[in-house]
Amino acid sequence: MNNKILRGISLMVVAVSHIALSYVNVDGPGHPLATFNFPINNHIVTYNNDVQASFFAGAKSGCGAKEFALSRIGAYHTFTEPLAPEKVTLNDDPEVDNPLYDNGIDHLGLMCGNRLFVVPTNSTVAYLIENTTSFRNIAMACTQPLCDAQGKPASRVMAVAGTGGPQEQPFAFFAVQPESNSFGQEGSGIAFAVPVEVRVKIEDEEKKEVKEVIKKVFTQVQGQQTDFPQETRATPLSISSDALKIGNDLSGLGTIVSMHWNTRLGVLYIGLQTEAGSDKNDGARAVVVGCMSQDNILMLHPIMAESVVVTGAENEIVASRGAHTKVTIHHMKSMHTSTSLDYLIVVGGNEGAECTTKRMVCALPLANYRTEKGAPTPENMHKHGQLAHKHALPEDLYGGSNNVFLGRRFRTLPAEPHDILTLEDPAARVGGGQLPYGDIADVAVHEDVVFVTVGDAQEGHTPGIFFSRALLDEHGRVKGWSQWARAARSTDPVWGIKYNSNVGSFIALTDSVDGQRNLVTQTTWSTGDTDSMAGLVDLVCKEFPESSGGVQGFFDFPYQTPGLGNSSLAVAVGLKKVMVIETSVCEDQKVKAHTGSDFCLGNTAFNDIVLTPTPDTTTLVCAGHTCEQLGAITTATIASGYDQSTLVVGGVKGVAVLCDPSGKGWNTHEGLAPHFANLAGFSFTKIGDYSFVRKVIADENYLYVLTDTVFDRIAIDTSNFATNTLDITRLATHNDGSIAQKNIIFTDALVSNKLALLATSQGLYRIGNGNDCRRACNSLSCQWTPVLVPGTSMPILQLVGVSSTSVSTDFAKHEGGMLYVLSGYRGTNRSRLNRFSVNSLINASIDDSVLMHLPDVGVMNQTSTYANMGSYRNAIVSDGSMLLNCRDKEFSEKLVLNAHVRGIKQPIPLDLKEFNHVSALVRNSAVGCWMISGDFGLRVHE
């Protein structure tokens, strides 16, 4: 990631241009390419995404961190702030020696979103930081040494968590190891503390009187019903706990403990490393659900009933049954989907399964039994927060006199083994399967997206930040996941992240050049970093200057695209010119993403015929006779037949394909060779007789061409591009009666398997029931059928297909996908966005259920748009966590480029006010960064 380095100067606030933070100088100059000159032990981020969001870092013990032993980085700050001065106010006593100063920090936790508490190294005392925004005024409160479940001093804190919501009662939870046993043995438990005000009697020696004052303290509270009220005890959690064991006591608990507070449900989840007993019918559950009772006792209950756990079933995720079977949970997060349903995201699983638990991420639906008053009723307490039935239909909640939509929840629990999600279910497998790049170091979740980081990469891979987005069905449930893909340009180890959805940025904890975990970076919108995308941005801007209209189309083709295989590509097009960019290449079974100086012209420019590429070639630029004929080029695709593949471009004056002198493309089975080695002698050849081409689409051995007035299918393998002899079928025209409305304008199209969609000035249409766009013989046989797009009668402007493979034409394949439909009208300055679930057509025929509108509702019984954009927009793109949208400049109104998150508009921080046009919003699949093109050339977020 270009990642502007975040630095800090001890006790000073310094803003430095072109970098995000200044250096922390503690007893020495340190290294200029690091945020701290000491290693960071752990970190935590606040839950909110506004300007107050913060990234907190705790130092390793014995590294001389001094006042930076605890530090804060604000979401939009250009500096680090130390939070551990030598003197503090502690328990309302001023100028006390700070126990955190120059100490290590083992655990960091947050209460109510932003109240920080910490546990220092080798301590069982917890400290609450009352003010994290002013170094000069740090006030703290601390507990007594935490007690275990037997009321004795605990020997170790294993993990911490805190209540999350600003309206919730502030609780800090601590998994504690007993005084004389290992964790899991008798005495282990969950201690919890609260900040309170107490009356204390103080003797005034001068006045010789005793007065009563109120002090703020941080105190452990009783965690269980006990006959010894004078002893503060933690809530018991051990190998004999009914919430964990199935049958006999567990053989043991390991040292891996993960705790997470689900704010939506008001539930504490505790993830553990469990091993079942020695009997074949013994079992273990690795996640425990904790709910606070009305008298503030932490009640622990199982994540699922014993009856759903099967002996020998290694595909179960958070439980297992069988002698000495093991389940390990490394990380947990909550996901509240854009359709208002709750899921538990876990990293881990059954250690008997054929996967590495540190690389497996699963999503599990959760039951919600909260009432209008917030807490579940006593009789439903044990059900609340458990795993929900995998086929449970959500229940919608409405309120007020207008029956306004309030939320959605699952309330059906599994009773049999086949009622729970397992590794066999696509809905459970985030990323489609285990992460291939390495062990997961950190997890972040926002909306429908799970982000993970890798510190130590698998051999042959590079570390970084990766993401997977949920694919939703017509009920709003998760039905599948997109394959793992990079989310930000980084080849450095990433140990922790803070994601800000307002602009899609990451703050990341990574390694500096000396290998220490002490560098904090932040992604930014810019023209690129010299070590990353700046070379490509400069090249694109040079080839497509503003005076020629800039970049009029920018397209990304991941390596999964049929016909590639050995590389990923980006294609930039504009006035009479095409640039083909190799963004990554696979050589010796290792994938290398191109950055920095990799992007160079060399011998890549050609007029008509591709010269022999060099071993370093990463770009091909064509501005020859055929491109001259096409005029303004606006669209491109990779088209693959059974035997040949080719690049196809289209524009105002026609369509052209890249082929050899015989009219053939490169060999589909071999794929495009690294550095374009098999394209020597190729040239662009114009085909057909098209004009005003809006889009070229390739799917399953066919090329589809959309213009303002026609929609054609061309069979790739039975066409001769050299002689312009095309096997062509006209699927739709604007005035032949095949579509109900005559003399309409075609604006966009999508194709996937049997399904074809047409966006028009008069609405959205699809191929009719029982038909197949690959087999239709003419436009009338397609039986174009109107699709109801709720909440709009405007022209349809854009269709966006979302698939598990990141290839847009796969959205009706595999487990199915999703469809975004943008509609808008300049005359009313309005635009709206709708979402549909798309069913898989691999083994099914088209019927009325192929497109099902997602349950985006505003009031009862009224399906609505997903997002009312507020004003006119002509292009959108979404990764499931953020919605980028834009509008070209019009008269005196400036170009608009926004992020749209749950109705909140956030301008993207790019100075484009002097420009006129945005042509594309895409994510570069090779390196993960967002790219925006237009008459300004290219801009990136890295």
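How many bridges join strand E19 to strand E24, and in which sense do the two strands run? Keep that in mind as you open the structure, which is a predicted model.

**Stop 1: strand E19 and its partners**

Select residues 267–275, which make up strand E19. Seven of its nine residues are buried, so E19 is largely enclosed by the rest of the structure. Now add residues 326–336, which form strand E24. Here is the reply to the opening question: three bridges join E19 to E24, and the strands run antiparallel. To see where they meet, pick glutamine 273, whose bridge partner in E24 is threonine 328.

Next, bring in strand E21, residues 287–292. E19 and E21 pair in the antiparallel sense over four bridges. Click on isoleucine 270 and look across to E21, where valine 288 stands opposite.

Then show strand E18, residues 252–262. Eight bridges join E18 to E19, again with an antiparallel run. Serine 258 is a good residue to select here, since glycine 271 in E19 stands opposite. E18 and E19 form a hairpin with four residues between the strands. In this hairpin, select glycine 266, which takes a positive phi near 65°.

As background, strands of a sheet pair through backbone hydrogen bonds, either parallel or antiparallel.

**Stop 2: the largest nonpolar core**

Hide the strands for a moment and turn to side chains. Which residues touch the most other members of the largest nonpolar core? Select Tyr269, Met304, Val318, Val346, Val361 and Val452: they hold that place in a core of 71 residues. The largest share of this core, five residues, comes from strand E25, residues 342–350.

Zoom in on valine 318 and display what surrounds it. Leaving out residues up to four places away in sequence, valine 318 touches several others, including Ala284, Val287, Ile303, Met304, Val346 and Leu387. Arg285 is also one of the residues that valine 318 touches.

There is a second, separate core too, with 40 residues. Among them are Ala749, Ala759, Leu764 and Ala776. In soluble globular proteins, nonpolar side chains tend to be buried together.

**Stop 3: an open sheet of four strands**

Stay with Ala749, a member of that second core, and switch back to the cartoon view. The bridge partner of alanine 749 in strand E54 is leucine 758. E54 covers residues 755–760, and six bridges join E53 to E54 in an antiparallel run.

Widen the selection to the whole sheet: it is open, its four strands have the order E53-E54-E55-E56, and the pairing is antiparallel. Which strands lie at the edges? They are E53 (746–752) and E56 (785–787), each of which pairs on one side only. On average, neighbouring strands of this sheet are turned by 25° against each other, ignoring direction.

**Stop 4: aromatic rings**

Now show the aromatic side chains. The model has 19 aromatic pairs. Try phenylalanine 117 and phenylalanine 218: their ring centres are 6.4 Å apart and their planes are at 55°, so the pair is tilted. This pair links distant parts of the chain, as phenylalanine 117 is in strand E9 (residues 115–120) and phenylalanine 218 is in strand E15 (residues 209–220), 101 residues apart. Are these two buried or exposed? Both phenylalanine 117 and phenylalanine 218 are buried.

Move on to phenylalanine 173 and phenylalanine 192, a tilted pair with 5.9 Å from centre to centre and 45° between the planes. Phenylalanine 173 lies in strand E13 (residues 172–177) and phenylalanine 192 in strand E14 (residues 189–204), so the pair ties together parts that are 19 residues apart in sequence. Phenylalanine 173 is buried at a relative accessible area of 0%, and phenylalanine 192 also counts as buried at 0%. Add Phe171 and Trp261 to your selection, and you have one aromatic cluster together with Phe173 and Phe192.

Two arginines are worth a click as well. Arginine 517 lies over the face of tryptophan 495, at 3.7 Å from the ring centre. Arginine 835 lies over the face of tyrosine 866, also at 3.7 Å from the ring centre.

**Stop 5: two loop residues**

Finish in the loops. Asparagine 701 is found between strand E49 (693–699) and strand E50 (702–707). Its phi is near 70°, a positive value in a residue other than glycine. Asparagine 701 has a relative accessible area of 18%, so it is buried.

Last, select serine 806, in the loop between strand E57 (796–802) and strand E58 (817–825). Serine 806 has a positive phi of about 75° although it is not a glycine. Its relative accessibility is 42%, so serine 806 counts as partly exposed.

Methods: Residues numbered from 1 in each chain as written. Predicted model: local features only at pLDDT ≥ 70, side-chain atom pairs only at ≥ 80, totals over all residues. Heavy atoms only, no water. Core = buried A, V, L, I, M, F, W, Y, C linked by side-chain atoms within 4.5 Å. Buried < 20%, exposed > 50% of the residue type's maximum accessible area, 1.4 Å probe, protein only. Contact = heavy atoms within 4.5 Å. Pairing = 2+ DSSP bridges. Axes fitted to C-alpha atoms, helices over the stretch in contact; angles between N-to-C directions. Phe/Tyr/Trp six-rings, centres within 6.5 Å; stacked < 30°, edge-to-face > 60°. Lys NZ or Arg CZ within 6 Å of the ring centre and 35° of its normal.
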